[in-house]
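Got your viewer open? Load the model, find the selection box, and follow along one stop at a time.

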Amino acid sequence: MARNFNADPVGQNSCAAHNLKTELVFLLSWLLNDNVAFLYAAAAISGYLFYEVMHFSYHIPSGDRAEKCFLLVPGWRQLRQTHILHHKRHKMTEANFNITLPVFDFLLGTLYWEPIGKK
Ligand SMILES: [Zn+2]
């Protein structure tokens, strides 16, 4: 019997994962269980928020008040430098594709670095 994900939306059988309308959440819930689907949804949302905040922070103008908050994060200055280098026209299509953390740029050999302040 197929599960009806919209049944009992506020009762004991409801789950936050059921309200997320993504096929993968439904598939995980159907194939495994609601906890796995919820963990996937929470990780996906958290990862996307992390991506958005970090990308926003890299584009804050130098000297802005908001920059002072991010300068408190260890390594943020170097992460912003990798993103600034990514936006250079001659490097944009070949280096520093990772926005949040340059793990896969390192592993795939696309990490490019110039010292901060070099033009
Ligand atoms: Zn950017």
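Start by selecting Ala-37. Is this residue buried or exposed? Ala-37 counts as buried, because it has 24 C-beta neighbours inside 10 Å, and the cut-off for that label is 20 or more. You'll find Ala-37 in helix H3. Keep in mind as you click around that this is a predicted model.

Now add Leu-24 to your selection and draw a distance between the two C-alpha atoms. Ala-37 and Leu-24 are 13 residues apart along the chain, and their C-alpha atoms are separated by 7.9 Å.

**Stop two: H2 against H3**

Select residues 23-31, which is helix H2, and then residues 34-58 for helix H3. Two packed helices are described by the angle between their axes and the distance between the axes. What are those values here, for H2 and H3? The two axes come within 7 Å and cross at roughly 155°. That makes H2 roughly antiparallel to H3, because an angle over 145 degrees gets that label. The crossing of H2 past H3 is right-handed.

Next, show the side chains where these two helices meet. From H2, pick Leu-24, Val-25, Leu-28 and Ser-29; their partners in H3 are Asp-34, Val-36, Ala-37, Tyr-40 and Ala-41. Colour that contact by class and you get seven nonpolar residues, one polar and one charged.

Stay on H2 and look down its axis. Which of its residues are buried? They are Val-25, Leu-28 and Ser-29. These buried residues fall within an arc of 100°, so they line one face of the helix. An α-helix has 3.6 residues a turn, so residues three or four places apart point the same way. Spin round to the face turned away from the buried side of H2, and you meet the exposed residues Glu-23, Leu-24, Leu-27 and Leu-31.

**Stop three: H5**

Jump ahead to residues 76-86, helix H5. Here the buried residues to highlight are Leu-79, Arg-80, Thr-82 and His-86. They sit on the same side of H5, because they cover an arc of only 155° around the axis. What do they pack against? Bring H3 back into view: that's the helix the buried residues of H5 pack against. On the face of H5 turned away from its buried side, look for the exposed residues Arg-77 and Gln-78.

**Stop four: the loop after H5**

Now follow the chain into the loop between H5 and H6, and stop at Asn-96. Most residues other than glycine have a negative phi, and most peptide bonds are trans. Asn-96 isn't a glycine, yet its phi is positive, at about 55°. Asn-96 counts as buried because it has 22 C-beta neighbours inside 10 Å.

Then click on Asn-98, which is in that loop between H5 and helix H6 (103-108). With 19 C-beta neighbours inside 10 Å, Asn-98 counts as partly exposed. Which residues does Asn-98 touch, not counting those up to four places away in sequence? They are Val-103, Phe-104 and Asp-105. Measure back to His-86 as well: Asn-98 and His-86 are twelve residues apart in sequence and 9.1 Å apart in space, C-alpha to C-alpha.

**Last stop: zoom out**

Clear your selection and take in the whole protein chain. How many helices and strands does it have? The count is six helices and zero strands, so colouring by secondary structure gives you α-α-α-α-α-α along the sequence. Of the 119 residues in the chain, 11% are buried.

Technical notes
Residues numbered from 1 in each chain as written. Predicted model: local features only at pLDDT ≥ 70, side-chain atom pairs only at ≥ 80, totals over all residues. Buried ≥ 20, exposed ≤ 12 C-beta atoms within 10 Å, placed from the backbone. Helix = DSSP H or I, 4+ residues; strand = E, 2+ residues; numbered from the N terminus. Arc of directions from axis to C-beta. Contact = placed C-beta atoms within 7 Å. Axes fitted to C-alpha atoms, helices over the stretch in contact; angles between N-to-C directions. Parallel < 35°, antiparallel > 145°, perpendicular 65-115°, else oblique. Left-handed = near helix turned anticlockwise from the far one by under 90°. Nonpolar A, V, L, I, M, F, W, Y, C, P; charged D, E, K, R; others polar.
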